[in-house]
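Dear colleague,

I am handing over the structure we spoke about, and I would be glad if you kept it open beside this message while you read. My notes on what was found in it follow below.

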Amino acid sequence: MTLTLDRQTAAQQAPERRVFNFSPGPAVLPLPVLQEIQRDLLTLPGVGSSVLEISHRSTAFDGILAEAEANLRELLAIPADYRVLFLQGGASLQFSMIPINLLRGQNLPASYILTGSWGSKAVVEALREGQVHVAWDGKADNFVRVPKDGELDLPPASAYVHYTSNETIQGVQFRRPPAVGDAPLVCDVSSDFLSGPVDVRDFGLLYACAQKNAGPSGLTVVVVSDEVLERCGDDVHSMLSFRRQAEKGSRLNTPNVFGVYVFLLVTRWLRDEVGGLEAAAAGAEAKTGLIYDVLDGDGGEFYVPHAEPASRSRMNVTFRLRRGDLEKAFVAGAADRDLVALKGHRSVGGFRASLYNAMPMEGAERLRDFMLAFRASH
Ligand SMILES: *Cc1c(COP(=O)(O)O)cnc(C)c1O
């Protein structure tokens with residue numbers, strides 16, 4: 001496939017219609033946010049330059065960074081003794097940064113709860129830094145559920161306990177944080193970040209790449225308690241040090257200026273248009289509910305859900321067709337109705353509909369209608 005970036009052809013074409021994009025990430029962004037970016041791209045109001053052209057030390061960016069943090073603090077009700085960091089390297093760099101800062105040189109193990117692909121990747125990096133204890137692993141059942149608290153095998157003490165609130169690939173989500181005792185709870189919230197309220201006090205550290213539910217790729221948000229920052233080791237490369245990043249207010253080097261700007265617009269949209277995280281959670285429940293109702297409608301005869309009902313994700317709905325030979329027809333039929341990026345991850349197969357905050361209800365309704373019609377015609 002060739003990508004033509006020819007200004008003249010682009011100008012001659014009618015603006016393309018937007019499809020319903022069920023991509024797991026980078027994923028759909030709110031249309032009003034994209035429109036605002038487009039409107040202000042050449043000159044940021046009151047600045048006279050593009051946001052792509054301003055210094056990360058300018059007063060304009062001071063304002064952007066401060067408001068992005070303030071919005072996040074308001075949405076999540078982040079307590080005053082927690083820091084907000086805007087980093088780079090994706091959620092995947094956190095798989096390393098967390099054990100580098102909190103496990104290296106410790107006599108304690110770090111405990112990992114594995115409910116899918118991302119947690120399983122995180123544990124590989126932790127093993128490079130110290131002792132690791134797997135407190136629960138859902139792999140034998142192909143990651144179809146999260147554990148009950150009683151099933152966790154936790155050692156008497158851990159440097160921290162890591163889990164993934166929503167496993168994007170398997171579509172398996174915790175309804176509430178696991179009970180892990182006194183160890184700091186560290187959570188990869190990448191794919192359900194800002195999809196509903198959480199009690200930040202339950203966590204020592206939360207991290208999310210932005211490109212699932214909060215902005216563009218290249219930005220990673222970390223929320224970390226002062227108490228956990230104090231536990232971080234000293235002998236850490238500056239860029240990988242939570243403490244150094246916090247001391248420098250996420251400006252140890254040039255941060256992702258554009259990413260922070262888009263994050264600011266998304267958090268404004270969440271607050272002002274969506275109405276906050278309770279409303280976002282209700283929306284997610286309603287949208288995924290439409291699809292789960294279809295999956296449950298035939299008792300597994302036609303559509304086969306991946307996750308067990310009590311562990312189902314409110315962001316990523318995973319399923320396959322009982323008749324695998326119909327997969328191509330499903331993709332083609334969906335594309336005809338402007339429903340795209342529904343293919344499941346190769347490790348799970350089948351389909352995955354990611355219904356993040358920015359997916360309009362109409363997209364979920366259209367997918368439901370298509371799934372019902374597809375079943376009826378086969
Ligand atoms: C997408 C994703 C990641 C990886 O994010 P990158 O920014 O590509 O490193 C990690 N964890 C979860 C839960 C994800 O959904």
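Which kind of link do the side chains of Arg73 and Glu69 form where they meet? The model is a predicted one, and in it these two side chains meet in a salt bridge, with 2.9 Å from N to O. Both residues belong to helix α3 (residues 59–76), where they are 4 residues apart, about one turn of the helix. Arg73 counts as buried because its relative accessibility is 19%, under the 20% limit, whereas Glu69, at 24%, counts as partly exposed.

The structure holds 23 salt bridges, and a few others deserve a look. Glu125 forms one with Arg128, the closest N and O atoms being 2.7 Å apart; here Glu125 is partly exposed at 21% relative accessibility, while Arg128 is exposed, with a relative accessible area of 60%. Another joins the side chains of Asp296 and Arg312, at 2.9 Å from N to O. This pair links distant parts of the chain, since Asp296 is in helix α9 and Arg312 in the loop between β11 and β12, 16 residues apart. Asp296 is partly exposed at 43% relative accessibility, but Arg312, at 7%, counts as buried. In addition, Glu36, Glu67 and Arg268 are joined into one network by salt bridges that share partners.

Asp192 makes a useful contrast. Found in the loop between β8 (185–188) and β9 (205–209), Asp192 is buried yet has no salt bridge, and the nearest side chain of opposite charge, that of Arg175, is 7.6 Å away. Leaving aside neighbours within four places in sequence, the residues in contact with Asp192 are Ser165, Asn166, Gln173 and Met315.

Next, please look at the open sheet of 3 strands, whose order is β11-β12-β14 and whose pairing is antiparallel. Both β11 (303–305) and β14 (351–354) stand at the edges with a single partner strand each, so one side of each is left without a neighbour in the sheet. From one strand to the next, the twist averages 35 degrees. Strand β12 (residues 316–321) pairs with β14 over 4 bridges, and Phe319 has Phe351 in β14 as its bridge partner. Helix α9 (residues 277–296) lies across β11 and β12, running at about 20 degrees to β12.

Finally, there are the aromatic rings, for which a search of the whole structure finds 18 pairs. Phe95 and Tyr207 form an edge-to-face pair, 6.4 Å centre to centre and with 75 degrees between the planes. Phe95 sits in helix α4 (residues 90–102) and Tyr207 in strand β9, 112 residues apart, and the pair thereby links distant parts of the chain. Phe95 counts as buried at 4% relative accessibility, and Tyr207 is buried with a relative accessible area of 0%. The rings of Tyr163 and Phe203, by contrast, have their planes at 15 degrees and their centres 6.5 Å apart, so this pair is stacked. Tyr163 lies in strand β5 (residues 161–164) and Phe203 in the loop between β8 and β9, 40 residues apart. Ring pairs also link Phe302, Tyr303, Phe319, Phe330, Phe351, Phe370 and Phe374 into a cluster, and you will recognise Phe319 and Phe351 as the bridge partners mentioned above.

With best wishes

Notes: Residues numbered from 1 in each chain as written. Predicted model: local features only at pLDDT ≥ 70, side-chain atom pairs only at ≥ 80, totals over all residues. Heavy atoms only, no water. Helix = DSSP H or I, 4+ residues; strand = E, 2+ residues; numbered from the N terminus. Buried < 20%, exposed > 50% of the residue type's maximum accessible area, 1.4 Å probe, protein only. Lys, Arg positive; Asp, Glu negative; His and termini not counted. Salt bridge = Lys/Arg side-chain N within 4 Å of Asp/Glu carboxyl O. Contact = heavy atoms within 4.5 Å. Pairing = 2+ DSSP bridges. Axes fitted to C-alpha atoms, helices over the stretch in contact; angles between N-to-C directions. Phe/Tyr/Trp six-rings, centres within 6.5 Å; stacked < 30°, edge-to-face > 60°.
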